[in-house]
Amino acid sequence: MKFSTVFVFATTAAAVPWGNWKQWKKPSTDCLTDEMAAYIQERSRVFQLKADLAEARAAGEELFAADEYKQYGHSINSLRGDALGTLVEPDGRTYVENVLSAPPLARIDSLATLHNCTHIMEHWDFYGVGGPQNANIPVRGFSLTKVDLTREIQPVVWRQVEFNSMQWANNTGFTIEFPTSGPYAPAPPEK
Ligand SMILES: *[C@@H]1O[C@H](CO)[C@@H](O)[C@H](O)[C@H]1NC(C)=O
Ligand SMILES: *[C@@H]1O[C@H](CO)[C@@H](O)[C@H](O)[C@H]1NC(C)=O
């Protein structure tokens, strides 16, 4: 993937009224600023972490609850047994409800974030997928977020989310077995 205009995150968003994308007097621009990108990713973190359900709902509805919202991802397609390319979330309201009804996470670490005028890419570790017994096991992934700044509310129009689906599966109770032969079979014991 080519990000032809890449800005690195470098701002603290001190002047931003957290929790209200619509009321925030944003600079009139058709290009995402560092501050806007940081705001979207931080509110998204609050939403996905679900440390406080009411706060998570407010953040999710603020950003994602548009009818037009779509989510894609082969990792989830595979976990669900759906054909690759199947929509993961058909609309924003469904997405928000699905996230809020999943168990809370222990932690989300943002490893890196880049953006251009319309897209944000974040590399992250989710801890606690599947429940608190996995609080120290990271599931590492990326999300690519498309933002439409002409929208007054719910500026996120789609997301592509990919992650270590084998670890996610294991955390959520799938049985994972190594093959008995071939390059991924466990090495035979030393003689
Ligand atoms: C921003 O990045 C996305 C994803 O690579 C790309 O589709 C889009 O064309 C880029 N926008 C600009 C203005 O370069
Ligand atoms: C799956 O999880 C169990 C329990 O945490 C762990 O012992 C095992 O190594 C994991 N297997 C794989 C393939 O990650």
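Good morning. I begin with a term: two strands are said to pair if DSSP finds at least two bridges between them. With that in hand, we can turn to a hairpin in this model, which is a predicted one. The hairpin joins β3 to β4 through three residues. These two strands run antiparallel, and eight bridges join them. One example is His115, whose bridge partner in β4 is Ile120.

Let me now place the hairpin in the whole chain. The protein chain has 191 residues, of which 26% count as buried. Its secondary structure comes to five helices and six strands. In sequence order, the elements follow the pattern β-α-α-β-α-α-β-β-β-β-α. Among contacts with a separation of 6 or more, 56% are made by residues 24 or more positions apart.

I return to β4, which also pairs with β5 in the antiparallel sense, over nine bridges. Here His119 stands opposite Lys146 in β5.

Which residues of β4 are buried, and which are not? Ile120, Glu122, Trp124 and Phe126 point to one face and are buried. His119, Met121, His123, Asp125 and Tyr127 point to the other face and are not buried. The general background is that side chains in a regular strand alternate between the two faces of the sheet.

Next, helix α1, residues 34-49. How does its length compare with what is expected? At 1.5 Å a residue, its 16 residues should span 22 Å, and the end C-alpha atoms are 22 Å apart, so the two values agree. The buried residues of α1 include Met36, Ala37, Ile40, Val46, Phe47 and Leu49, and also Gln41, Arg43 and Ser44. What do the buried residues of α1 pack against? They pack against two helices, α2 (53-64) and α4 (92-101), and against the strands β3 (107-115), β4 (119-127), β5 (138-147) and β6 (156-163).

This leads to the largest nonpolar core, which holds 28 residues. Ala37, Ile40, Leu63, Phe64 and Tyr69 touch the most other members. The elements that give two or more residues to this core are α1, α2, α4, β4 and β6. The largest share, eight residues, comes from α1. As a general remark, nonpolar side chains in soluble globular proteins tend to be buried together. Ile40 is a useful residue to look at in the structure: leaving aside residues up to four places away in sequence, Ile40 touches Leu63, Ile120, Thr145, Val147 and Val156. Ile120 has already appeared, as the bridge partner of His115.

Two loop residues also deserve attention. Lys50, just after α1, lies in the loop between α1 and α2. Its phi is near 60°, a positive value in a residue other than glycine. Gln154, in the loop between β5 and β6, likewise has a positive phi, near 45°.

Are these residues buried or partly exposed? A residue is buried if 20 or more other C-beta atoms lie within 10 Å of its own. Lys50 has 19 such neighbours inside 10 Å and therefore counts as partly exposed. Gln154 has 20 and is therefore buried.

Finally, consider Ala185, in the segment after α5 (165-171). Ala185 is exposed, because 10 other C-beta atoms lie within 10 Å, and the limit for an exposed residue is 12 or fewer. Not counting residues up to four places away in sequence, Ala185 touches Phe178, Pro179 and Thr180. Thank you for your attention.

How values were computed: Residues are numbered from 1 along each chain as its sequence is written. Chains are lettered from A and ligands numbered from 1 in the order in which they are written. This is a predicted model: local features need pLDDT of at least 70, side-chain atom pairs count only at pLDDT 80 or more; totals for chains, interfaces and linings use all residues. Helices (H or I, at least four residues) and strands (E, at least two) are DSSP runs, numbered from the N terminus. Two residues are in contact if their C-beta atoms, placed from the backbone, lie within 7 Å. The expected span of a helix is 1.5 Å times one less than its number of residues. A nonpolar core is a set of buried Ala, Val, Leu, Ile, Met, Phe, Trp, Tyr and Cys residues joined through C-beta atoms within 7 Å.
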